[in-house]
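Biologist: Got a minute to go through this one with me? I'd like to hear how each label is earned.

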Amino acid sequence: MVDDNQELFDRADAFINLANEKLTEVSPGQVSAALNYASARFCAWLSASGFATAEEMTASREETIAYFVEAFRGSLEIHMDEYIDNFSQYMERASQSDQP
């Protein structure tokens, strides 16, 4: 599954690279808001594609939201810990390039 993980990281890096490009146009907060909006919209579409009717989707709404919130939380916790553990190194590099 290493290849699968590498493919996941490559796809994530492509989104991060696009976000970094947008930092030349707008603030980091605006880039973050756009990423969050896009992720939520895509997750809603992904969820809808798994249901036959709006009623089915409605019945699973809270469970589906909880799933995506927990998945995001897990990823955020991992990356927050990584930045805490490597704060000086990462932030020195970020200050030199203005990119995460």
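**Charges, shape and a patch**

Modeller: Sure, charges to start: the protein carries 6 positive and 18 negative side chains, with the centres of the two sets 7 Å apart. Lys and Arg count as positive, Asp and Glu as negative, while His and the chain ends are not counted; each charge is placed at NZ of Lys, CZ of Arg, CG of Asp or CD of Glu.

Biologist: What kind of model is it, and how are residues numbered?

Modeller: It's a predicted model, where local features need pLDDT of at least 70, side-chain atom pairs need 80 or more, and totals for chains, interfaces and linings use all residues. Residues are numbered from 1 along each chain as its sequence is written, and side-chain values use heavy atoms, leaving out hydrogens and water.

Biologist: What makes up the secondary structure?

Modeller: Five helices and zero strands, going by DSSP runs numbered from the N terminus (H or I, at least four residues, for helices; E, at least two, for strands).

Biologist: How does the radius of gyration sit against a compact globule of 100 residues?

Modeller: The protein has 17 Å, whereas such a globule would be near 13 Å. That radius is taken over C-alpha atoms, and the rule is 2.2 Å times the number of residues to the power 0.38. The C-alpha trace spans about 50 × 35 × 25 Å along its principal axes.

Biologist: Why is Met 80 called partly exposed?

Modeller: Met 80, in helix 4 (residues 61-85), has a relative accessible area of 47%, so it falls between buried (under 20%) and exposed (over 50%), using a 1.4 Å probe and protein chains only. Buried residues make up 9% of the 100 residues.
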